Amino acid sequence: MAVDKKDTVPIPQPAGWPLVGNITDVDPELPILSLTNLAKTYGEIFSLTTFGRRRVFISTQKLLNEICDEKRFGKLVSAGLSQLRNGTHDGLFTAQNDETNWHLAHRILVPAFGPLNITAMFDDMKDIASQLVLKWARYGPEYVIPTTDDFTKLTLDTLALCAMDYRFNSFYTDEMHPFISSMTNFLRIGAARAARPPYMGSFYKQEDAQFFKDIEYMRKLSSDIVEQRKQHPKEVKDLLNAMTLGKDPKTGQNLSNETVIDNMITFLIAGHETTSGLLSFLFYYLLKHPEAYRKAQDEVDRVIKSDSIEAHHLNELPYITACLRETLRLEPTAPAFSVSPHNKQGDVIGGKYFVDHGVPIVAVLPSVHRDPTVYGDDAEQWKPERMLDDNFNGLPPNSWKPFGNGARGCIGRPFAWQEAMMVTAMLLQYFDFSLDDSQYELQIKSTLTIKPKDFSIRAKLREGWTATKVEQSLAGSVRGAQRTLHQPSAAEKEVDGSPMTILYGSNSGTCEAFAQTLAADAGAHGFMAKVATLDSAKASLPTREPVVIVTASYEGQPTDNAAHFYDWLQNLKDSEKVETSFAIFGCGHSDWKQTFHRIPNSIDNLLEKHGGQRMCERGNADAAKGDMMSAFQTWEDEILWPAIKRRFGGKDADEGAEASPQSQNLSIAVSNHRASKLRAGVSEAKVIATRTLTAPGEPEKRHIELQLPSDMTYRAGDYLAVLPLNPEETVHRVVLRFHLPWDAMLTISSKSSTALPTEHPISAHNLFSAYVELSQPATKRNLIMLMEASKDEQTKKELRQIHDGDFDAEITEKRVSLLDLLERYSDIELPLGAFVGSLITMRVRQYSISSSPLADPQKVSLTYAILEDEALSGQGRHIGVASHYLSLLKPGDIVHVAVKQSHQAFHLPTDAEKTPVAMFCAGTGLAPFRSFVQERAAQIGAGRALAPAHLYIGCRHPEKDRLYADELSRWEKMGAVTLHYAFSQAPEKSNGHKHVDDAMRADAKMLLGLWDEGGRVYVCGSKGLGESVKKTCLELSKMWQKEHGYDSNEEEAEERANKWFDKVRNERYSTDVFT
């Protein structure tokens, strides 16, 4: 039938290169990431051409629903799948629609995946899952679990046993079975072969030889299994019998040996890869969402209790079902499928896009599953509740397609679902899990499917379970012990010195540094301290030793490594007791009044409510006052240790030489051997470009551009954490003060835990450059140490006067460091170990990213101000550590970075066509909004029509510090943004507006209109800017009230405005305010 093309429009496509086309638009290592970024840029549909082969990609539920019409479209095996046909030929997954063997195998095998047959496989599934559970139980909580590897072993062994009664026995060896390595090579090389033009084959002879060698191994193994079954028949209802003995109900034919082998390999590959990825992603999301983790575990406890799991339990776990559905929504492990029009003349989709017959239409499932018209503005968030049965059943047709479509959808879906449900329930029944790295953010690795990369967890047996009891429970011979809240933890076992536990919740590293400081001091008081995250103590707080908790709040929420502990504590029943002796120290910033110390205060109150015994009054530190370390050490010395001694004994800090502040439990030997050690938690990025953004003579602001590692991803609005080096000038001051040779090597040994390198010698330069903070204000304890080390009475007197006088004014506010004091009082002979032991370890600094991945997903830029001024101490200049470090970097230099997600609300709306945006900033607060506007420019450049965006920028003068003026002007002409400036030194050049709030008041009517249209507001800048924008928004709210007929006095209007602001904050009104 002819197709009417009269009203069709061209499908958007990036400009390509001659011959190769769009090959550079797709990252061969992470193709799905490139496709989702292209979908963000081009919208609902786009096309790519590589080496003359065209493909069309869709990213919305509306278009997916249309191409799922099997009367018009059918599966097309192309690209990577076509290369897999070398190993699986016309197996179920790789056959074309018109191939006879697909129809034959499909009719024979569909009954084998019926409900009764799948249920009959439950015991075999449980057999393999039990091997995984027992391995983790026996290895214990210190074992770092290679999550995707172990889940891959699990799913491969399960499929082999259930489908063909064959045991790979993967859990009885440390090495992966050879089948897995062959399969991995097969998938990897197959994808690479699909991406390269045929004429380049001669350059890849060795790789191609490996490809066919792996195929030969997989087919030989499969053939041996088939032959063994034929020689030793078994009366079992597994897939192998179905394939070898089954007859086609339509034709009466059997499957040939070759077809049986094709489908055995197909099942082993497709059946285990996707399920292992699903389980890995699921546990990532559960561990990142403590409330959902608790609900899932509570459901298991309620349904299965301490019994051994049985098949009927799986139908009684609706919340875990929702968790799995939501995981597959965000991370469909088979992230795309292809169809093509049946009509030989082609077809039209979306009412206007023509696609030729034979051209693949690829559904980009991660984008379809985030369609805001279906899933709302929070489509990027993992929320299992949206997938509970009532909500799930109410979704529009074809909104959720992780198993493919129709007759060509995944035949093994019931098998995979039963396995995933059973394994999830078993693991939550027996274990409490935690991230090995609490700062881990999801990274993806890709072959034919996707999985988390470098994702490791730890598993601790829950209360009442031991490895022996778990083994007996799995065999159905014993129930687990009645669970209580507590059991002796590792810290309660006998150790040298009295045990104590120090728990921290920390995102930036400050609270962890305080915890390490306390642990270093513990030996002087007769205690051996264990330091761990708060999450590690979930449901297992020690009961016979002091427990000290040092934690902060992050926007009113617990830190990443305290979230599970806090969720557990919040949800204890009134009857549940926590009989622990505790002390709390909280860190925060008083500028955030509504959430100041919220989490430490709440933990303090909840522990007391449930029977905990508070050893002393809570300590607090306020970052707004500068010297948090002094506040902590004062609380430690004057309140905490005396309280611990009263309850648990110990010794006074001045008993013996070990207690001397100069010792710091740290000693250093000087040698001449060179070595170095890199810090963890960051990856290497390469500097591409740097430039100055401000005119000469102005406070300097700079731009730096970095090439990220290929597996590091980000979103517009995120942060980049940078691990800096101390300025050379400052390092040289240390070397001079302690009379160290230029090539000095230091060997560090410590009597307590330390983050410093102790395994081998380290150069003095490396230690003082990379590992410790040299410019932090000195603490009161530092002054006591210096008084003790000094032999000069006048020096002691002066230090005592500072200590007892206005310490904050003399030291904290002037940012006088310990090094400054040592230079000021050169007669003090302080041991090098005491100096180093008094310093906190180097912390990362976070900067708002000022670029969009839609411009280039592997490049990221930062916009920063250089902090350098006369030191308030009167000693030289105060230099910002991170900004100075960045300013010295040159193209080609390597810098250590990590992407950190910003608050979910501080990202562009997902429905960019319908949601207006208003942004307010000053100075380098422009950084995230440059990324927003750059993203919108990329989308508009791809032909999309977006809702309005307005950017209000405060700066001094248009000729001096108008950052990114040319490119912002260019993007404004494109329609990506409307710019509104406020020049404080030249208001006549900005319509008389001196500050951002002046411009806001002038545009009040327009801004209120944007808000009424569902607009979003973003603010980035200093505390002063944040307050002025908030104040002006409250004024506009009262103006809106009058316009809409609210008849109230000023007090009522103010109250109504404040309630409105509290409601929209962190939802439609998002801030990133720095101090």
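Ser-1070 sits in strand S35, which spans residues 1069–1074. The model is predicted. With a relative accessible area of 2%, Ser-1070 counts as buried, because that value is under 20%. A polar atom of the Ser-1070 side chain lies 3.0 Å from the backbone oxygen of Ala-905. Ala-905 also appears among the contacts of Ser-1070 beyond four places in sequence. The others there are Phe-906, Arg-1016, Val-1017, Tyr-1018 and Val-1019.

The chain is divided into four stretches, listed by domain: domain 1 (100–333 + 402–475), domain 2 (498–647), domain 3 (677–748 + 756–845) and domain 4 (903–1073). The C-alpha centres of domain 1 and domain 3 are 50 Å apart.

Now the internal space. Three cavities reach 30 Å³ or more. The table covers the largest and the second largest.

| Cavity | Volume | Lining by class |
|---|---|---|
| Largest | about 190 Å³ | five nonpolar, six polar, six charged residues |
| Second largest | about 50 Å³ | five nonpolar, three polar, no charged residues |

The largest cavity, of about 190 Å³, is lined by 17 residues. Closest to its centre are Arg-733, Ser-775, Asp-820, Arg-877 and His-878. Helix H23 (728–737), helix H28 (818–824) and strand S29 (877–879) each give two or more residues to this lining.

Around the second largest cavity stand Leu-84, Thr-88, Phe-93, Thr-94, Phe-186, Thr-266, Ile-269 and Leu-448. Here the elements giving two or more residues are helix H3 (79–88) and helix H11 (257–288).

How values were computed:
Residues are numbered from 1 along each chain as its sequence is written. This is a predicted model: local features need pLDDT of at least 70, side-chain atom pairs count only at pLDDT 80 or more; totals for chains, interfaces and linings use all residues. Side-chain values use heavy atoms; hydrogens and water are left out. Helices (H or I, at least four residues) and strands (E, at least two) are DSSP runs, numbered from the N terminus. Buried means under 20% relative accessible area, exposed over 50%, partly exposed in between (1.4 Å probe, protein chains only). A polar contact is a pair of N or O atoms within 3.5 Å; within protein, one must be able to donate a hydrogen and the other to accept it, and residues adjacent in sequence count only if both atoms are side-chain atoms. Contact means heavy atoms within 4.5 Å. Domain bounds come from an automatic or database domain assignment. On a 1 Å grid over the protein atoms alone, a cavity is a set of points where a 1.4 Å probe fits but cannot get out, and a pocket is an open set with protein on both sides within 12 Å along at least five of seven lines; lining residues have an atom within 4 Å of a point. Grid points are joined across faces, edges and corners, and a volume is the space filled by probe spheres set on the points. Ala, Val, Leu, Ile, Met, Phe, Trp, Tyr, Cys and Pro count as nonpolar, Asp, Glu, Lys and Arg as charged, and the others, Gly among them, as polar.
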